[in-house]
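Hi,

Here is the structure I promised to pass on. Have a look at it first, and my notes on what I found follow below.

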Amino acid sequence: KGPGTIIRLGSVNDGICDCCGGEDEWEGVVNCPNRCEELAAEAKQEASKAMEGSRAREAYVQRAAKIKGQSRFKDVDGGPEDVFLAAAEAGCLKLHDDAVEYEVCLFDKVSQHDRKVP
């Protein structure tokens, strides 16, 4: 838990490091490493990923608004704010695991083929 986190009284000096800097274990029964900077860096990285995802989604929303009227998307439910239309326009997606290759073409087809592994 990061700075400013409230913990239960029963968690104070219980031998478990609940705070990132060990502030809850002042009696010295356990030595808590200071992980506050590490946790803050992880939180910052997660926030950055979330922001990147939001920007990507907004780009899909804007692109979908431009292509929604195309005949190939007539009568197609493009999902929330039609973002799947923009994903479909980007082309088919190919994925694979060790044995099978998948091709997903939104609003068109999905196929799978055995992979030839040397």
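**Notes on the model**

Asp75 sits in the loop between H1 and H2. Before I go on, please keep in mind that this is a predicted model. What caught my eye about Asp75 is its backbone: phi is positive, about 65°, although the residue is not a glycine. Most residues other than glycine have a negative phi. The side of the story told by the surface is simple: Asp75 has a relative accessible area of 74%, and because the cut-off for exposed is over 50%, it counts as exposed.

The loop between H1 and H2 also holds Glu81. Glu81 is another residue other than glycine with a positive phi, here near 55°. If you plan to check backbone torsions, those are the two I'd bring up on screen: Asp75 and Glu81.

Now the overall picture. The protein has two helices and three strands, and along the sequence they come in the order α-α-β-β-β. How spread out is the protein, next to a compact globule? Its radius of gyration is 25 Å, while the globule rule gives 13 Å for 118 residues; the value is well over the rule, so the protein is more spread out than a compact globule. The C-alpha trace spans about 70 × 45 × 25 Å along the principal axes.

A few totals to go with that. Buried residues account for 20% of the 118 residues. Of the contacts between residues at least 6 apart in sequence, 10% join residues at least 24 apart. The exposed area is about 9100 Å², and carbon and sulfur atoms supply 53% of it. On the charge side, there are 16 positive and 23 negative side chains, with the centres of the two sets 10 Å apart.

**Some residues to click on**

Start with Asp24, in the segment before helix H1 (36-67). Is Asp24 buried or exposed? Its relative accessibility is 2%, and since buried means under 20%, Asp24 counts as buried. A polar atom of the Asp24 side chain lies 3.0 Å from the backbone nitrogen of Asp18. Leaving out residues up to four places away in sequence, Asp24 touches Ile7, Ser11, Val12, Asn13, Ile16, Cys17, Asp18 and Cys19. So Asp18 turns up twice around Asp24, in the list of touching residues and through its backbone nitrogen.

Ser111 belongs to strand E3 (residues 109-114). With 19% relative accessibility, Ser111 counts as buried, because the limit is under 20%. Which residues does Ser111 contact, neighbours within four places in sequence aside? They are Glu101, Tyr102 and Glu103.

Glu42 is in helix H1 and is partly exposed, at 39% relative accessible area. Glu42 and Arg8 are 34 residues apart in sequence, and their C-alpha atoms are 25 Å apart in space.

Last, Ala90 is placed in the loop between helix H2 (83-89) and strand E1 (93-96). At 65% relative accessibility, Ala90 counts as exposed. From Ala90 to Val104 there are 14 residues along the chain, and 12 Å between the C-alpha atoms.

That's my list; over to you.

Cheers

How values were computed: Residues are numbered from 1 along each chain as its sequence is written. This is a predicted model: local features need pLDDT of at least 70, side-chain atom pairs count only at pLDDT 80 or more; totals for chains, interfaces and linings use all residues. Side-chain values use heavy atoms; hydrogens and water are left out. Helices (H or I, at least four residues) and strands (E, at least two) are DSSP runs, numbered from the N terminus. The radius of gyration is taken over C-alpha atoms; the globule rule is 2.2 Å times the number of residues to the power 0.38. Buried means under 20% relative accessible area, exposed over 50%, partly exposed in between (1.4 Å probe, protein chains only). Contact means heavy atoms within 4.5 Å. Accessible areas come from the Shrake-Rupley method with a 1.4 Å probe; for residues, only the protein chains shown count as cover. Lys and Arg count as positive and Asp and Glu as negative; His and the chain ends are not counted. The place of a charge is taken as NZ of Lys, CZ of Arg, CG of Asp or CD of Glu. A polar contact is a pair of N or O atoms within 3.5 Å; within protein, one must be able to donate a hydrogen and the other to accept it, and residues adjacent in sequence count only if both atoms are side-chain atoms.
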